[in-house]
Amino acid sequence: MSDPIGHECGVALIRLRKPLEYYQQKYGTALYGFQKLFLLMEKQHNRGQDGAGIGCCKINTAHGQPYLFRERNSSKANSLSKVFRGPQKTYQELRRAQIIDEAKPETIKEHFDFGGQILLGHLRYGTSGAFEEGSCHPYIRRSNWATKSLMVAGNFNMANAGELNRLMVRRGQHPVFGTDTQTVLEEIGFHLDEAHDAIYHRLRDEGLPGEKIPLGISHELDLQRLARVSAEYWDGGYAIAGTVGNGDVFVMRDPNGIRPCFYIQNEELVAFASERVPLMTVFGVSQEEVRGLPPGHVFAIKASGEISLDRFNEEKALAPCSFERIYFSRGNDPIIYRERKRMGQKLVPQIIQSVGDDLENTVFSFIPNTAEVAYHGLMHGLREYRREQVREKLRRAILAGSLNEGNIDETLDELIMANWPRGEKIAHKDIKLRTFISQESGRNQLVSHVYDVTYGVVQAKDNLVVVDDSIVRGTTLRKSILHILARLNPKKIVIASTAPQIRYPDCYGIDMSELGKFIAFQAAVELLKSRGRNRVLEEVREACVEELRKPVSEMGNCVQRIYEPFSPEEISQQIAQLVRPTDSAWKGEIEIVYQSIENLAASIDPPCGDWYFTGHYPTPAGYAVANRAYLNYADKVGGRTYDLFSSGV
């Protein structure tokens, strides 16, 4: 992706179903779960570089012994390895001191913090809150009651976090604003407290001895009900994993399925992750053995080992995040791989039109690295297109009697090789930009050197077609990619995006909430101004103000009016003008090609959410965020649209 955007976090949870002795005997180590947690997180390191955290819950610990443990690291460089380094060092010290005997797994459980049956991991990309250790998951809510203690981690963003905070204030609570993780933790914790206290008072009044009450509470805690009442007012995308201090585990996914969550279950363990392939690779299972957690369901594992899968919210329209397929998920997932190839293949008709069917004088390439799979799909589609042309010409030659044994090689060379699609590795991502230069001009000059190119391949007569995942802000195109591609002096540059035009803010996890930064929005505004329709901008502002006075459930998306006068092609043409480098002597043509929404939908199975393309949000708060985003743009207010307390949602 040329415009890097922040995105979802990564979640990992392992619940061992056998005693540690079992793993010692079968796999040679009682740290089997701890080691697998590291691998499960390492295979998801693409999902967050702002920090990492791990947690452990031990089941059936003796009185006086701790049972919840956590380690976090906010270092952007190697936070994952650093967060595991501390526990590993401690383990070796305990082993050398002979406090831990590896042949006796019970000593590991007793003395090593992460020697438990429940292991929780998280990779963070921050969409709210500070970038420090205190903002890293897991979050813990401690109590001297195990059944009131709580640890959670998740891949989520609550679009109505402000309203959730106000709800807690109306209850009489005193929430600390900073992250929506804290909001979620406190909401679950509040209902956990209420459930615990209700059971406690009943058991006490029934005369159950005090030392037996904790076991009674643990037995009666209803995790399905806890998920249902906690999520009653949540509006957003989420995959949340947590454990109660007694050893009850729960994993829940939002009703629209916006955030991904997968799991495997066998007699040895249950494991969850944000992506399918890490589970396949780490545990050596097939694609068919990995299941998706159904939207609106909670998967619960009681401390006793009892497993249940229940719906906690009513069925809603499915809207999984399209960007999981376009960009976020690792491309070695067999389903993701096929879908990305189809996205590239679907671009063929538009690209053929862009280059005037002149494949002989066109070079095809991609922006590294995640657009590579779509590039292969494009090349496959171009070859199929060209094959059909050759087949038709051969058919005509045979019917006309002009093809014979004497000219067959010459004819085939002319038909096939003269216009066969030509792919080359043109763009190279050379360095990771370090913005140690503070002046804007200095930073821009650095940005222009993030990419390098292969010289001597593209000729002045050639079109150069480059595939990208998506074009969000256009900044990297203008300041780096187009600037350096122009050095090759092609006749024309075509940038083909596998995603449609991004027109509306996201509020469910992707860091795309500032409307004024979207290049498609900038293009629409420029078109309105150039055609003397400035009044539309003020009318939309007034409409957004009125819309935000309505209940959230009744709101619509007023921002759609900005785009209504223009076709996608008109906006693409304007985008091409906006991203053209101003400091290049190159005078060739630039064209921007975007995937159509229909072709994206045809590439993905099952259908995915498309709100950032269409403005049709899967939850009510999305419309409030879109309208608020426009007000922020009009009033020149920066920052994320959905703050945690004062937002207009």
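## Strands E1, E4 and E2

Strands E1 (10-16) and E4 (118-124) run antiparallel and are joined by six bridges. Strands here are DSSP runs of E with at least two residues, helices are runs of H or I with at least four residues, and both are numbered from the N terminus. Two strands count as paired if DSSP finds at least two bridges between them. Opposite Ile118 of E4 stands Arg15. E4 also pairs with E2 in the antiparallel sense, over seven bridges, and Cys56 has Leu119 in E4 as its bridge partner.

This is a predicted model, in which local features need pLDDT of at least 70 and side-chain atom pairs count only at pLDDT 80 or more, while totals for chains, interfaces and linings use all residues. Residues are numbered from 1 along each chain as its sequence is written, and side-chain values use heavy atoms, with hydrogens and water left out.

E4 is mostly covered, with seven of its seven residues buried; buried means under 20% relative accessible area, exposed over 50%, and partly exposed in between, with a 1.4 Å probe and protein chains only. Ile118, Leu120, His122 and Arg124 point one way from E4, and Leu119, Gly121 and Leu123 point the other way.

## The seven-stranded sheet

These strands belong to an open sheet of seven strands with antiparallel pairing, in the order E3-E2-E4-E1-E10-E9-E11. Strand E3 (68-73) and strand E11 (291-292) are at the edges with a single partner strand each, so one side of each has no neighbour in the sheet. E9 and E10 are antiparallel and pair over four bridges; Phe262 stands opposite Ala273 in E10.

Helix H2 packs on the sheet and touches E1, strand E2 (51-57), E4 and E10, with its direction at about 160° to that of E1. Contact means heavy atoms within 4.5 Å. Axes are lines fitted to C-alpha atoms, for helices over the stretch in contact, and angles run from 0 to 180 degrees between N-to-C directions. Helix H3 (residues 79-96) also packs on the sheet, touching E2, E3 and E4, and its direction makes about 35° with that of E2.

## Helix H9

Helix H9 (residues 276-283) is mostly covered, as seven of its eight residues are buried. The buried ones are Arg276, Val277, Pro278, Leu279, Met280, Val282 and Phe283. They pack against E1, helix H2 (32-42), strand E9 (262-265), E10 and helix H11 (334-346). Gly284, just after H9, takes a positive phi of about 60°.

## The five-stranded sheet

A further open sheet has five strands in the order E15-E14-E18-E19-E20, with parallel pairing. Its edge strands, E15 (422-423) and E20 (589-594), each pair on one side only. Strand E18 (residues 463-468) runs parallel to strand E19 (residues 492-497), and six bridges join the two. Ala496 in E19 is the bridge partner of Val467.

Two helices lie across this sheet. Helix H13 (residues 372-400) crosses strand E14 (362-366), E15 and E18, running at about 150° to E14. Helix H16 (residues 475-485) lies across E18, E19 and E20 and runs at about 135° to E19.

## Cavities and pockets

On a 1 Å grid over the protein atoms alone, a cavity is a set of points where a 1.4 Å probe fits but cannot get out; a pocket is an open set with protein on both sides within 12 Å along at least five of seven lines; lining residues have an atom within 4 Å of a point. Grid points are joined across faces, edges and corners, and a volume is the space filled by probe spheres set on the points. There are five cavities of 30 Å³ or more. The second largest has a volume of about 50 Å³, and its lining includes Val11, Cys261 and Phe272. E7 (236-244) and E10 (269-273) each supply at least two lining residues, and E7 gives the most, with three.

The second largest pocket has a volume of about 860 Å³. Of its 33 lining residues, Ala146, Pro214, Leu215, Ser218 and Asn246 are the closest to its centre. Helix H7 (213-220) is one of the elements that supply at least two residues of the lining, and H7 gives the most, with four.
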